[in-house]
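Student: I am new to this structure. Please take me closely through one part, the place where two chains meet, and then show me what lies around it.

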Amino acid sequence: MTPPVQLLDTLTRIEEEGLAAIESSGSLDELEAARIRYLGRSGGLTDVLRRLGQAPAAQRPVLGAAANEAKRRLQAALEERAVALKRAPSTTRPPADLTMPGRRACWGGVHPVTRVIDEICEIFRELGFSRVRGPEAETEWYNFEALNIPLEHPAADMWDTFYLADGVLLRSHTSPVQARIMETHDPPVRVVVPGMCYRRDPFDATHAPAFEQIEGLAVDEGIDFVEFRFTIEHFVHRFFGKHTRTRFRPAYFPFTEPSAEVDATCGSCGGDGCSTCKGTGWIEIMGSGMVHPAVFEAVGYDPERYTGYAFGMGPARIAMARYGIPDIRLFYEGDLRFLEQFR
Amino acid sequence: MRISVNWVRELAPGIEGSAEELADHLSMSAVAVDEVVPVGESIADIIVARVEETRPHPNADRLGLATITTGGPERIGIVAGAPVRAGGLYPYAPPGTTLPGGLEIGARKIRGEVSQGMLCSERELELGWDHSGILELPPDLRPGERLVERLGFPDHCFVLDLTPNRVDLAGHLGVARELAPGGTSGVALPSLGMGTEPRSPVWQDGESDAAASGARVVIEDLGRCSRFLGIVIRGVTVGPSPAWLAARLWAIGGRPINNVVDATNYVMHELNQPLHAYDLAMLAGSEIRVRAAEQGERLRTLDRENRTLAPDVTVIADRDRAVGLAGVMGGEDTEVSLETTDVFLECAVFDPLHTRRTARHTGLATDASYRFERGVDATGLEAAVTRCARLITALGGGEAEGSAIRAGHLPGERPVVALRPTRVQRVLGRWFERAELARILVPLGFEPPEGDVGGEADGDGERPLRLMVPGWRGDVTHEIDLIEEVARRHGYNAFGDEARAFRVSSVADDPAWSQADRVRRLMVGRGFQEVRSASFASEARAGPDAVTLRNPISSAESRLRTDLVSGLLDRLEYNLARGRRDVRLFEIGTVFRLRAAEGVPFEELRVAFVMAGRRELEHWSIEAADIDVWDLKGLVEDLGSELLGATVEPLGSRNEEELASARLEAAARWFDGEVFQFRKETRVAGLAGRIVAEAVDGPAGMAPSWAAEFRLADVVTGATSRYVPISPYPQVNRDLAAIFPLERTVAEIEGVIRDGAPPFLEAVRLFDLYEGDEIPAASRSLAWRFRFRAPDRTLTDEEVDAGMKAIMTALEEKADARIRSS
Ligand SMILES: [Zn+2]
């Protein structure tokens, strides 16, 4: 057992050696080595403190106080030396010109249309809609007939379609996924379907032969026009802002009835009329309506039991209105000077 | 479709409100009005003038001189830019007036002759597009009259965005019914100066063959034409139409031709029944046959085009030849001309599908074909043809024969559709009383059948409303169609908006979208910009087994892409051409391939990126180096581990079979030299590498571009990680450098290291490659840092030394190593 006096001597020696080592450290690495040696978990001072418990009870307070005092002094010296070492180089160089540009990282960005799609989907996901998809190369059955569109009927002219083979085409809207989902799932169905669609419209300022669409579908017992209106208005408020007003106008889509075109007040002029909205104060944002009973029949749902609503919108058109983009072609050229504006 | 507001008001005098208000009302309750065009608003100063005499311009062959009068004694000298005839009436813009286009008229010298104002063309008055000549005005005008008043202008024209279901709104009567207070009860046909006594002919009926008044109609195929009415009018004087009729046609963008043709057009735009007038004398055998065209049969149509027909086309023929395209356009040979005296007037029901085929075959889309394709009112033929015959005789004299032809099927009973108030509520979410429903629907022409007291109770004890559909609403066939009528007439925006019970969707998310989300987050963080492009490719850009479009827009877009890299290279070039040096793009999109067995091609979502330029953003402190193979490899290794759960290895020699089974040959075309593959279990999941230099058209001396492509479906989304306990014991680091023959790859050597190492080797990191002077030829020095740590104890120096020794022995024995230092 170590006599107390010896312990006190050890303490003094450790402190002196430690202070000397700290003082003579020429770099932060050396300073760290000194810290580990004298203050570290298996360092000299820690060892003394550990051995305190073996000293006679009466002397423990004195020894303890001395040990803590030594530790405090060593730590103070360590910090002082660390500051001195860190400061050293700055004395040899003038302060930097902090107006010079910093070193930036290279960041990318998502496409503005993707951003709109994501925002739309997010709002509908909060309302319990799942995100699904379907094939872009489709059959006439899903693209037309299952949606109550007879092939040789003027209604089919609403979509100028690319054909790949007999009865096989590039889908002209995302609506075929409605039929595909209902065929394979029982109600309640609540889905949004983002995806590419194709129409034989040559590229111009407002048309693209391939473009994005988001389809929505909700089907169950007891879904009515009132709930449909609520859902769409809720979406418009969330997406375009609380002060945006919505209006529903009669329209015709073979797969919905009643069908409605939905307008939102123009964001550029707040409804007063401007060039964006061609003076009307309204921007057309989606086609929609209550699912036609013939569609339910085509997919094997009982049209007497189930009702529902469906809608479709073009995120590129919405992005054009939102960001003030005059030409839809800008989205698909891949020009970085354009795309980098939407980060 | 164009609708004149004045015309509608004439049909329904109770209509009030401005054109804009009426347009709004239509848009919100029936059909979108795209535009409200003012008609004749700016011709207020135009005066009717009569040409007294004409003579040639002395100094210009193309100009003429005319003396005109505007009713007074004054004779006015005019230089005319196009022929006029003495006695004709023309629109005259006197000096001081402004034409609709903004042109100010004065007294002007033209090639030495003074013109006191000018005579105007149709286009200068904005009454049409014709600018080839000066507009000759209807003969019932008087010199000096103001044109605007005599034409009943100003008017407004609605441009309707007509939907396929509401063909009834292509006619003015249809629009009048929508807008009139009281609906059908608020409309009445004007007499148009025909007197009040309608004289109905005696109909000579026959199914496929009927004759009357010296004419005969044969319907050879009742599938193509279900009903055909014909009236013979004799002794007509064909001439120009009066001002009121010309004005109606001008207002809707049409143009007057002659009184007979104009009468048929007028009644078509009024009652929505297409009519056609033939010069009876030109019909061989005074016979009309409706039949399929013969293969190669020829016809010159009213638009002066020679057409070659096929059996797909339905024609009107006389005894000898085709004289018109049924339901689409008449023929030139039998057209009504100034010499015509006897007219055969046709009003028929042509089958929608056959009309569509006829129109498609000839590339024509006419006012008539538009209506027949969508379905005309089979119950309205008698009214239309007799009204038109009366109008023709009122305009051109002559007399309609008292006996007329009626061939084909009788129109069926008007269909009755049942409407359940409970069903209305279930769809629309609002209760309508039966009386309320009737109040909405009866004015639209939906009437309870005579003697019907509201129908019998159905199984649920509900008494549906039974309503007879009017002939002009062929689009209404089911209960849901009536529900839509109720909704739109009640007003879509008059319904409430309430949240209903929340329902959990039975459909799960498709993983592709969250996979795409992950890809985007990672790629954006690594400095890549997302692009989107159409899925088309040229034949040259499309890879093997590309899907060909049957009806492409252009040959550059005639195939569907088989890989994404090719499109990204186009986008890369686009940016290089605009002076960009650093380009990092990625795309998530669909690729397509022919599938031998079925018609529907194979398709899948892919991810691809391309990068070119420098490793880092430019900064004044550094000289940024070009992207090299190690930047690419590091990135794809990160993608492999972060996204795909795949390893990355060099694609030594192209394994065609593996690429084919992964459907990646199309992307593989673009890679050359330094190429990697993503390997997921035993499968190739993607490719990455240096782009073939010739594939990118960039600036001279451009460093290589790099790209990768992989399947989106291989992106891992679920949490697959497992916790590994963290050792509380210290690590021990050791370095080792050794010389190896060049043919030993690092992957191979590290394999030897792992095999020979003790279990407590935690990590190996290559930190140096040296190929300097001190190193023997065909070899290189490689140096690794080893990290040792045991999970259960502090390692002793002896243990680590023994471990290093084992590694060195293994390297010497199995990797031909010469240890330099350790
Ligand atoms: Zn606006």
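Tutor: Start with one pair of residues. Arg125(A) forms a salt bridge with Asp509(B). Their closest N and O atoms are 2.9 Å apart. Keep in mind that this is a predicted model. Between chain A and chain B the count is 12 salt bridges. Polar contacts add another view: 54 residue pairs make them between chain A and chain B, with both residues at pLDDT 80 or more.

Which element gives the most to the side of chain A that touches chain B? Strand S7 of chain A does, residues 246–253, with seven residues. By class, that side of chain A has 50 nonpolar, 17 polar and 30 charged residues. The whole contact takes 97 residues from chain A and 90 residues from chain B.

Now the area. The size of an interface is often given as the accessible area lost when the parts come together. Here, the area buried between chain A and chain B is about 8,100 Å². Carbon and sulfur atoms give 55% of that area.

Next, follow S7 of chain A into its sheet. The sheet is open and has seven strands. Their order is S1-S5-S6-S10-S9-S8-S7 in chain A, and the pairing is mixed. Strand S1 (130–131) and S7 of chain A are the edge strands, and each pairs on one side only.

Look further into this sheet. Strand S6 of chain A, residues 210–220, runs antiparallel to strand S10 of chain A, residues 307–313. Seven bridges join S6 and S10 of chain A. One place to find on the model is Asp220(A), whose bridge partner in S10(A) is Thr307(A).

A helix lies across these strands. Helix H5 of chain A, residues 112–126, crosses S1, strand S5 (189–198), S6 and S10 of chain A. H5 of chain A runs at about 5° to S6(A).

Stay with that helix for one more salt bridge. The side chains of Glu119(A) and Arg322(A) meet at 3.0 Å, N to O. This pair links distant parts of the chain, 203 residues apart. Glu119(A) is in helix H5 of chain A, while Arg322(A) is in helix H10, residues 315–323. Over all chains, the count comes to 96 salt bridges.

Two backbone details in chain A deserve a look. A cis peptide bond joins Glu257(A) and Pro258(A), with omega about -5°. Pro258(A) is found in strand S8 of chain A, residues 256–265. The other detail is Lys278(A), a residue other than glycine with a positive phi near 50°. Lys278(A) is in the loop between S8 and strand S9 (282–291) of chain A.

Cross over to chain B. Three strands form an open sheet there, in the order S1-S10-S2, and the pairing is antiparallel. Strand S1 (2–4) and strand S2 (32–39) of chain B each have a single partner strand, so one side of each is left without a neighbour in the sheet. Neighbouring strands of this sheet are turned by 25° against each other on average, direction ignored.

S2(B) and strand S10 of chain B, residues 155–161, pair in the antiparallel sense over seven bridges. Within that pairing, Glu35(B) stands opposite Val159(B) in S10(B). Helix H2 of chain B, residues 19–29, packs on the sheet and touches S2 and S10 of chain B. The direction of H2 of chain B makes about 165° with that of S2(B).

Chain B has a cis peptide bond too. This bond joins Phe153(B) and Pro154(B), with omega about 0°. Pro154(B) is in the loop between helix H3 (147–150) and S10 of chain B.

Finish with a hairpin in chain B. Strand S7 (residues 107–110) and strand S8 (residues 113–116) of chain B run antiparallel, joined by four bridges. Ala107(B) stands opposite Gln116(B) in S8(B). The hairpin has two residues between the strands, and Arg111(B) takes a positive phi near 50°.

Definitions and conventions: Residues are numbered from 1 along each chain as its sequence is written. Chains are lettered from A and ligands numbered from 1 in the order in which they are written. This is a predicted model: local features need pLDDT of at least 70, side-chain atom pairs count only at pLDDT 80 or more; totals for chains, interfaces and linings use all residues. Side-chain values use heavy atoms; hydrogens and water are left out. Two strands pair if DSSP finds at least two bridges between them. Axes are lines fitted to C-alpha atoms, for helices over the stretch in contact, and angles run from 0 to 180 degrees between N-to-C directions. Contact means heavy atoms within 4.5 Å. Buried area is the accessible area (1.4 Å probe) that two parts lose on being put together, summed over both. A salt bridge is a side-chain nitrogen of Lys or Arg within 4 Å of a carboxyl oxygen of Asp or Glu. A polar contact is a pair of N or O atoms within 3.5 Å; within protein, one must be able to donate a hydrogen and the other to accept it, and residues adjacent in sequence count only if both atoms are side-chain atoms. Ala, Val, Leu, Ile, Met, Phe, Trp, Tyr, Cys and Pro count as nonpolar, Asp, Glu, Lys and Arg as charged, and the others, Gly among them, as polar.
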